[in-house]
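Please find below my notes on the model you sent. They deal with one helix, the enclosed cavities and the cysteines.

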Amino acid sequence: MRGTQVARLREAPAGLADALEVVAGFDDALTNGFGRVGERDAAALAAFASALTGTPLADLVASAVDAVTAGSVTPEHLAALAGARSALLGAAHDALLGQLDATLSRDRSPWTAPNTGPAQAPPALAGARAWWHEVAVTGWRGVDHELLSAAATVVEAALAVPELRRPAVLLDGLAAELRACIPVATMTRVPARRWADLWARGVLLTQGMPAANEPPRVSGRLLPLGVDVHAHDTAVQVQLHAILEPAGGGPARLVRTAVTAAKVDTIVGPAVWRLLSTHPLLLTALAERRALTVTDLPLHGGDLGWVDDRVQLDEPADPFATARVLLPRASAAAIAPLDRHPTAIAEPVLIEGHPVREQAGALTIELDGEPVALAVDRLPTAGPLTAELVAASSACLGLLRWDGGRWLMQPLAVRATVKRRPVQAHNGDWACGVTDPKIAKDEARAGDAVAVLRERAGRLLRR
């Protein structure tokens, strides 16, 4: 990546600011609740409907806005509003990603819609749909313990259906977050955008289930680039960004694969890796920086479904060498419509031989005089990568993201010189155990929280 490329990214796509402003008005109205739409919120919703003029959603959204403003809110109206909001943010995502692909000269395959219709919705979806409806009517400022207590029953019913795990985990995580913020009415700043994102996705996930469509299966050599650790009070997900060299030849592909585990808020830092112990080959590949041979893994767009018994460890593979040689010519997959959102953009890039500087308390990496902000606040505590190492780095492998109206880079791995010795640090280095003696000593002193909780859970089950 070069400075001239960064300069091109500074020009926001046409209409982006207007789309985000319209969405912000909608989010404010949702914060106050659709059950009591005031004059200001009614104007914001009218502007929201106007933004969809000329699209296939125009009439549906206009009807929904009229009904909500008049005090008549149905699940169908909310589905239309959630779909329209996701469509606006999806258009913003496509504009930004198209700009990035053009800047990086990255090929991306077009989206192909599935040719199957929706499957029959399980009864548990109705309860989840009703809960999201109640949240929209009440608004974030009106959320109380009674509403959140009702979420527990909905989550329990949804988790009993394997196909509903995704909406169940989403609802459970948001309910836990809201519970920690009660009373929301006294909060000085409500995270309206984030909560509205989760609300819209929750509403859309409860509209029905896609019919089973057998995804294509791929085999080949999987070369890790870096791992992104997403930790929440109730769940942890490890998302590996990698390059797949297909068996039998063909162009290299940019892919992701992820594994997830439930957790409690007391399990933090390196301890989260123990929750993923059922995936030993993935953890070993991360900790030892090795490639993997995969056989017949399902591929959903650019996302590989992880199946442990179809994976084997391969030779050591330096992620920096992989990025240097294969990343410039690797092709990327189209993003599924439900996943199109500006903050979901996460494209791997490699920057070498450029200084890291500190400006106004923030770290930037400078490319031919063009600074790129480094998102060190996204560094997970489950790995050895720190802001100090990033500041001392001579090479950085990371994800380009769009957040807060600008492009920034989230480090996944760095190469640096520490005490005159070259070192590499990757987010996944501690996947099989902490290698830093000082951190390991602190972990041992604190005890194994995962083992303790498992033992207590086993004791309760034996009663």
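The points below take these topics in turn.

1. The model is predicted, and local features are discussed only where pLDDT is at least 70. Totals for linings use all residues.

2. Helix 8 covers residues 165–181, which makes 17 residues. At 1.5 Å a residue this helix should span 24 Å, and its end C-alpha atoms are 24 Å apart, so the expected span and the model agree.

3. Which residues of helix 8 are buried? They are P167, A168, L170, L171, G173, L174, A175, A176, E177 and L178. E177 is thus listed as buried along with residues such as L174 and L178. The cover over the buried residues of helix 8 includes helix 6 (124–138), helix 7 (145–159) and helix 9 (192–205). As background, an α-helix has 3.6 residues a turn, so residues three or four places apart point the same way.

4. How many cavities of 30 Å³ or more are there? The count is three. The largest cavity holds about 90 Å³ of space. It is lined by 14 residues, of which P224, G226, L286, P319 and H426 are the closest to its centre.

5. Strand 3 (217–231) and helix 10 (280–288) each contribute at least two residues to the lining of the largest cavity. Strand 3 has the largest share, with four residues. By class, the lining of the largest cavity is made up of eight nonpolar, four polar and two charged residues.

6. The second largest cavity has a volume of about 50 Å³. Its lining consists of A124, L125, A128, V154, V155, A158, L164, P167, A168 and L171. Helix 6, helix 7 and helix 8 are the elements that give two or more residues to this lining. The lining of the second largest cavity has ten nonpolar residues, with no polar and no charged ones.

7. Points 3 and 6 share some residues. P167, A168 and L171 are buried in helix 8, and P167, A168 and L171 also line the second largest cavity. Helix 6 and helix 7, which are among the elements covering the buried residues of helix 8, each give two or more residues to the lining of that cavity.

8. On the cysteines, the count of disulfides is zero. Is C396 buried or exposed? C396 is buried, because its relative accessible area is 1%. C181 has 22% relative accessibility and therefore counts as partly exposed; the cut-off for buried is under 20%.

Terms used:
Residues are numbered from 1 along each chain as its sequence is written. This is a predicted model: local features need pLDDT of at least 70, side-chain atom pairs count only at pLDDT 80 or more; totals for chains, interfaces and linings use all residues. Side-chain values use heavy atoms; hydrogens and water are left out. The expected span of a helix is 1.5 Å times one less than its number of residues. Buried means under 20% relative accessible area, exposed over 50%, partly exposed in between (1.4 Å probe, protein chains only). Contact means heavy atoms within 4.5 Å. On a 1 Å grid over the protein atoms alone, a cavity is a set of points where a 1.4 Å probe fits but cannot get out, and a pocket is an open set with protein on both sides within 12 Å along at least five of seven lines; lining residues have an atom within 4 Å of a point. Grid points are joined across faces, edges and corners, and a volume is the space filled by probe spheres set on the points. Ala, Val, Leu, Ile, Met, Phe, Trp, Tyr, Cys and Pro count as nonpolar, Asp, Glu, Lys and Arg as charged, and the others, Gly among them, as polar. A disulfide is a pair of cysteine sulfur atoms within 2.5 Å.
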